[in-house]
Amino acid sequence: MAALMQNQGSGSGAPLIDSKSLITTSKGWDIRIFRDEHLARRFLCALCHNVCRNAHELSCSNAHLFCEKCIREYSNNSNTTTCPICHEINVTHQASRFVTRHIKELFVYCPRSKLVCSKLMKNARFNNNTLFCNFQGTLQNLVEHTNHQCIFNVIACPFHLIGCPTNKMYRYELQNHINGAQNKHISLALQKIQTLQKSLKSKEDSNEIYQEQLRALKTASKTKDQNIDKIQFENEKLQMNNSKLLQECNRLKDDLKQANQRITSYSKAVNLLKDNNSKLAEQVDDLNVQQQQQQQINMGQYGQYSGNVSSASLYSNDVNNNNNNN
């Protein structure tokens, strides 16, 4: 922090140093900003030798205190380590909210106060024209002060966003800058207003085009909705027709099933008739054979009968002849 202050005091062209950066450049809090240094020394980090920032306490017998960042770097982010002071091994560290609360309640000066600057730059000479910050308060309030309230906060001109080239100055310089560049700021504001008006007009024209496109889209959407309704109606009709076709198909399936059953029944009857015809044909063949045999028998009997009749006729004729002769 002293080196930063020395660099700033080396000339008017030196870079601006925000008071916030003066309390965030080291791991711990610089003891020279504390009003009661003898109280702050009770909470010194044993590694960086500044007042502990986010104090961590080791479980060693002496309960040494360290900054959270210091002890984590020393232990390589491990929860157990060797105490760097008393060298006890396998000790753990954890945040000490009690110590941190007491540190935040200690009174401090702004690092840009005259007292702190005199400590940081022992050989510096301050004349009546040198400006210092007069803040005194607790360490917790100092953080809020250096972030948003200190006159040595580096800020940008509020008109920087509309073209003011001043983007870095101390807070205490803001009022003089605004007073000195008032006409320029007004000119920049008017230019910005004109630019915004043109942009607004362009956006209004674009908006009218968008409105026309929106109306066209609404018309197309309405037509599309009508087409969708028509398609839905047609779809419902198709579904009804499909349902009827399914019913008709199921009916035809049932008819076909019944027809197949009848065909099967008829096929069985035909096969039965074929079997009966075969049996009848066999019977007819048997009857024909029997008839032929009977005819043969009858023919034999008829021949024998004819022979007998002829013999009897001859005999009768002989008898009659004999009787006539007598």
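Which residues does Ile103 touch, not counting residues up to four places away in sequence? Select Ile103 in this predicted model and show its surroundings. The residues it touches, with that sequence window left out, are Trp29, Phe34, Phe43, Val51, Cys52 and Leu139.

**The largest core**

Keep Ile103 selected and add Phe34 and Val51. These three have the most contacts inside the largest nonpolar core, a set of 36 residues. Next, colour the elements that give two or more residues to this core: the strands β1 (55–58), β2 (65–67) and β5 (107–109), and the helices α3 (68–74), α4 (97–104) and α6 (139–148). Of these, β2 provides the largest share of the core, three residues.

Another core, of six residues, lies apart from this one. To find it, select Ile155, Cys157, Cys164 and Met169, which are among its members.

**Helix α4**

Go back to α4 and look along its axis. Select Val99, Thr100 and Ile103, the buried residues of this helix. They lie on the same side of α4, because the arc they cover around the axis is only 100 degrees. Now select Arg97 and Phe98: both are exposed, on the other side of α4.

What do the buried residues of α4 pack against? Show β1, β2 and α6, which are their packing partners.

**Ser59**

From β1, move into the loop between β1 and β2, where Ser59 is placed. Is Ser59 buried or partly exposed? Its relative accessible area is 46%, so Ser59 counts as partly exposed.

Select Asn90 as well and draw a distance between the C-alpha atoms. The two residues are 31 residues apart in sequence, and the C-alpha to C-alpha distance is 9.1 Å. Then add Val91 and Thr92, with which Ser59 is in contact, leaving aside its neighbours within four places in sequence.

**Arg53**

The last stop is the loop between α2 (37–40) and β1, which holds Arg53. Arg53 is buried, yet it has no salt bridge. Which side chain of opposite charge is nearest to Arg53? Select Glu68: this is the one, and it is 9.2 Å away.

Finally, show the backbone of Gly28 together with the side chain of Arg53. A polar atom of that side chain lies 3.4 Å from the backbone oxygen of Gly28.

Conventions:
Residues are numbered from 1 along each chain as its sequence is written. This is a predicted model: local features need pLDDT of at least 70, side-chain atom pairs count only at pLDDT 80 or more; totals for chains, interfaces and linings use all residues. Side-chain values use heavy atoms; hydrogens and water are left out. A nonpolar core is a set of buried Ala, Val, Leu, Ile, Met, Phe, Trp, Tyr and Cys residues joined through side-chain atoms within 4.5 Å. Buried means under 20% relative accessible area, exposed over 50%, partly exposed in between (1.4 Å probe, protein chains only). Helices (H or I, at least four residues) and strands (E, at least two) are DSSP runs, numbered from the N terminus. Contact means heavy atoms within 4.5 Å. The arc is that of the directions from the helix axis to the C-beta atoms. Lys and Arg count as positive and Asp and Glu as negative; His and the chain ends are not counted. A salt bridge is a side-chain nitrogen of Lys or Arg within 4 Å of a carboxyl oxygen of Asp or Glu. A polar contact is a pair of N or O atoms within 3.5 Å; within protein, one must be able to donate a hydrogen and the other to accept it, and residues adjacent in sequence count only if both atoms are side-chain atoms.
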